[in-house]
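Let's take a walk through this one together, starting at the ligand and working outwards. Have the sequence and the 3D view open as you read.

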Amino acid sequence: MKVAKALIDQLETTKVLTKEEWLYLLDHRNESLSQYLFSHSRAAAQSVFGNDVYIRGLIEISNFCKNNCYYCGIRRGNPGVNRYRLSQREILQCCLRGYDLGFRTFVLQGGEDPGFRDEDLANTVRIIKEWFPNVAVTLSVGEKSRDVYQMFREAGADRYLLRHETYLRSHYESLHPNSMSWERRIQCLEDLKSLGYQVGTGFMVGSPHQTNECLAEDLLFIQRFSPQMVGIGPFIPHHQTPFAKEPAGTLDLTLFLLGVLRLMNPRLLLPATTALNTIAPQGRQMGILAGANVIMPNLSPEFACKNYELYDHKKYSGMENAEAIEKIRNDLAKIGYEIKISKGDFK
Ligand code: 5AD
């Protein structure tokens, strides 16, 4: 216990650990170590962000996907999905509503949909930035060529989310079919960075076959790559995927990893994710108390949110009205935090 706590102190000072040290920490995780970590990680977040929580409005633009990831509910091979693609008009309507509710970042996320033309998405980004000059646009539409990423960037996209999913190649290959490549995923992240995006990566916690060694590799990669954002959430099985019978990732491990990520980089934009809020009723608040500083409420129309089912029991929190945001505001107030109306760029 003493050694593990000393490692947390060391992480707080130097921001890095070796693989052996990460493994030691992960192997010795327990309740009292976690509480020790959270008191430090929470203070680290507060030293940069005070009691502010940034909100990002998530707009799920398409659930068509050409990929067949074994974990994901909207995989190509799932015939049970009602596929949809939002029109430009529908996307802009979400933004208008979101802007009125105080959102200053819109996250356009979708499957890798060959029917959604890159030029059309670039055009939509351009219009959003024209209509709302003081918002940030984040894209999360998977792997694209560097040229396409550049086109999006020139259209005004500020940020891009692309989780690496797992850094250990053999593990990556156990979560994805052969048509997908670990190298390409990492190359995309390098391309995004070189184009000047604020880049978010991340991984699922407790995905099938994940070991502490996998997690140590993920943390080492994040240390090296130094992204501006990291999205992590528990793996949650979806009943129409090959991983339907696999156990979900745990709340405790997810919170622990949020805590160490916060200590690695106090300025990191770190969301308490929807998946975290799905496995635990107070997941969002617990995430904030472990060091997260971002939440991503859903601005998608109801039919879209219901059909954008990456995992079972995903919550529809009905963000189309001001009451829903009031509820979030109250939940945060109970733990001493407040929503900050701001683009919330990486500092
Ligand atoms: N459980 C939790 N997270 C999932 N994702 C996809 N499927 C699942 C699942 N079953 C995550 C992936 C992806 C992000 C958009 O959602 O990490 O990058």
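Look at Glu165 first: one of its polar side-chain atoms sits 2.5 Å from an oxygen atom of the ligand. Keep in mind that this is a predicted model, so every distance here is computed from predicted positions. Arg163 also reaches the ligand with its side chain, where an N or O atom is 2.9 Å from a ligand oxygen. Tyr71 does things another way, using its backbone: a polar backbone atom of Tyr71 is 3.0 Å from a nitrogen atom of the ligand. How much of the ligand's accessible area does the protein cover? The answer is 86% of the 400 Å² that the ligand has on its own.

Now widen the view to the rest of the surroundings. Besides Tyr71, Arg163 and Glu165, the ligand is surrounded by Cys72, Met204, Pro234, Phe235, Ile236, Leu310 and Tyr311. Sort that shell by class and you get 8 nonpolar residues, 2 charged ones and no polar ones.

Next, the aromatic rings. The structure has 12 aromatic pairs, and a good one to start with is Tyr70 with Phe243. Their ring centres are 5.9 Å apart and their planes meet at 75 degrees, so this pair counts as edge-to-face. It also ties together distant parts of the chain, as the two residues are 173 apart. Tyr70 is in the loop between β2 and α4, while Phe243 is in the loop between β7 and α10. Are these two buried or exposed? Tyr70 is partly exposed, at 25% relative accessible area, whereas Phe243 is buried, at 6%.

Phe221 and Phe225 give you a stacked pair, with 5.4 Å from centre to centre and 20 degrees between the planes. Here the partners are 4 residues apart in helix α9, which means that about one helical turn separates them. Both Phe221 and Phe225 are buried. If you want a group rather than a pair, find Tyr99, Phe106, Trp131 and Phe132, which form one aromatic cluster.

Last stop: Ser140, which belongs to strand β4, covering residues 136–140. Why does Ser140 count as buried? Its relative accessibility is 8%, and buried means under 20%. As for its company, leaving aside residues up to four places away in sequence, Ser140 touches Leu108, Gln109, Gly110, Tyr160 and Leu161.

How values were computed: Residues numbered from 1 in each chain as written. Predicted model: local features only at pLDDT ≥ 70, side-chain atom pairs only at ≥ 80, totals over all residues. Heavy atoms only, no water. Near = heavy atom within 4 Å. Polar contact = N/O pair within 3.5 Å; in protein donor to acceptor, adjacent residues only side chain to side chain. Areas by Shrake-Rupley, 256 points an atom, 1.4 Å probe, with all protein chains shown as cover. Nonpolar A, V, L, I, M, F, W, Y, C, P; charged D, E, K, R; others polar. Buried < 20%, exposed > 50% of the residue type's maximum accessible area, 1.4 Å probe, protein only. Contact = heavy atoms within 4.5 Å. Phe/Tyr/Trp six-rings, centres within 6.5 Å; stacked < 30°, edge-to-face > 60°.
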